[in-house]
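Trainee: I have a structure to read and do not know where to begin. Could you take me through some of its features?

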Amino acid sequence: MPKTKSGSAKACAKDQLPLNRILQGDCIDVLNSLPENSVDVIFADPPYNMQLKETLSRPDNSKVDGVHDAWDKFSSFSAYDHFTYDWLTAAKRVLKETGTIWVIGSYHNIFRVGNALQNLDYWILNDIIWRKSNPMPNFRGTRFTNAHETLIWAAKSADKGGYTFNYDAMKAMNDDTQMRSDWVLPICTGNERLKVGNKKAHATQKPESLLYRVIMSSTQPGDVILDPFFGTGTTGAVAKKLGRNYIGIERETGYIDVARERIAGVEPMKDHAIEFTQSKRSLPRVPFGSLIERGMIKPGTTLMDAKRKHVAKVRSDGTLVTEGTTGSIHQIGAHVQGAPACNGWTFWHVEQKGELTSVDIYRQQVRAEMVN
């Protein structure tokens with residue numbers, strides 16, 4: 001469902017935020033220092049707690065550059081769970097009532113994170129499978145290749161509607177087919193993989209294509225996206241490119257230096273490029289009767305479907321009549337088809353100079369006047 005932004009409280013909270021900055025420190029401490037109900041979306045890529053016990057080797061005896069950083073190590077599952085509950089609680093406090101959170105993880109941690117989300121009364125909207133088109137192989141051949149990670153997308157609670165989901169934009173990006181919950185995207189390689197000297201700048205750098213889809217699907221231009229595990233700044237780079245604001249939280253100075261340099265080199269899209277297909281649900285409602293009032297369609301006009309199989313007459317109050325049955329454009333459209341429901345705007349047409357024109361064309365004209 002689309003959201004609207006209004007009210008001085010929200011504006012005040014946004015003014016108090018350290019927008020487009022990286023805040024150094026412990027994520028829980030920094031989150032607790034930010035205003036309540038002030039952030040539109042959180043994207044979190046927390047430590048995976050991989051519990052690696054030894055260095056992995058390829059068949060040629062070269063070492064696998066895996067995750068061996070101190071930030072990914074916890075003394076026990078219980079310690080990791082405690083950490084997860086603490087940061088998710090702090091995140092919920094700063095999230096707007098209409099906000100959503102994305103958390104990405106592997107099989108090592110995502111089920112524990114999902115359990116914590118539900119216990120903290122977040123409302124899970126989707127679990128997204130990021131299927132890697134070029135995954136790292138399983139060199140030992142002892143199990144299936146780990147070819148995916150999971151993203152959980154959740155609202156602040158079951159009672160909170162009004163969150164942003166740009167359904168039509170996602171459909172447009174997917175060749176006019178409804179976007180599914182399995183995303184096939186490559187891992188971060190080549191020139192996109194940031195390095196310090198000959199080493200990866202970050203062991204788990206996420207590809208910009210993944211953040212592009214997350215941000216496009218669940219935010220509007222100008223929204224505030226917070227990343228409590230900022231790393232080398234993929235969230236900030238994509239947010240800046242798409243005309244959104246970001247807040248990054250990161251402990252490690254080395255990552256911060258890389259992220260700042262990276263984001264400084266990002267060129268934001270121009271206004272016309274940032275625009276995207278808006279959800280029809282977010283557009284102003286136009287009653288069919290308003291077309292009658294404006295003289296766009298006159299009482300007595302005959303409407304018909306695209307195949308000229310069904311007809312109905314327009315009445316002065318915007319209802320239709322056919323064979324003694326009256327109702328709205330939707331009710332009569334369903335009636336003539338013997339269907340449980342019908343979108344009358346796309347079903348009914350008017351004839352002009354021998355050509356059929358969808359009545360939805362007139363609705364679009366009225367909407368254009370209302371939003372301009």
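**Reading burial, strands and rings**

Mentor: Begin with one residue: W153 is buried, at a relative accessible area of 4%. Buried means under 20% relative accessible area, exposed means over 50%, and partly exposed lies in between, with a 1.4 Å probe and protein chains only. This is a predicted model, in which local features need pLDDT of at least 70 and side-chain atom pairs count only at pLDDT 80 or more, while totals for chains, interfaces and linings use all residues. Residues are numbered from 1 along each chain as its sequence is written, and side-chain values use heavy atoms, leaving out hydrogens and water.

Trainee: How many disulfides are there?

Mentor: A disulfide is a covalent bond between the sulfur atoms of two cysteines. The rule here asks for a pair of cysteine sulfur atoms within 2.5 Å, and the count comes to 0. As for single cysteines, C27 is buried with a relative accessible area of 5%, and C342 is buried with 18%.

Trainee: Why is strand 3 described as largely enclosed?

Mentor: Strand 3 covers residues 95–105, and 10 of its 11 residues are buried, so the rest of the structure largely encloses it. Strands (E, at least two residues) and helices (H or I, at least four) are DSSP runs numbered from the N terminus.

Trainee: Which strands pair with strand 3?

Mentor: Two strands pair if DSSP finds at least two bridges between them. Strand 2 (residues 39–44) is parallel to strand 3, with 5 bridges, and A44 stands opposite V103. Strand 5 (residues 148–155) runs antiparallel to strand 3, joined by 6 bridges; here V103 stands opposite I152.

Trainee: How many aromatic pairs does the structure hold?

Mentor: A pair of aromatic rings is described by the distance of the centres and the angle of the planes. Rings of Phe, Tyr and Trp (its six-membered ring) pair if their centres lie within 6.5 Å; planes under 30 degrees apart count as stacked, over 60 as edge-to-face, and the rest as tilted. The structure holds 13 such pairs. In one of them, the ring centres of Y80 and F83 are 6.3 Å apart and the planes are at 50°, so the pair is tilted. Y80 and F83 are separated by about one helical turn because they are 3 residues apart in helix 3 (residues 77–94). Y80 is buried, at 1% relative accessible area, and F83 is buried, at 16%.
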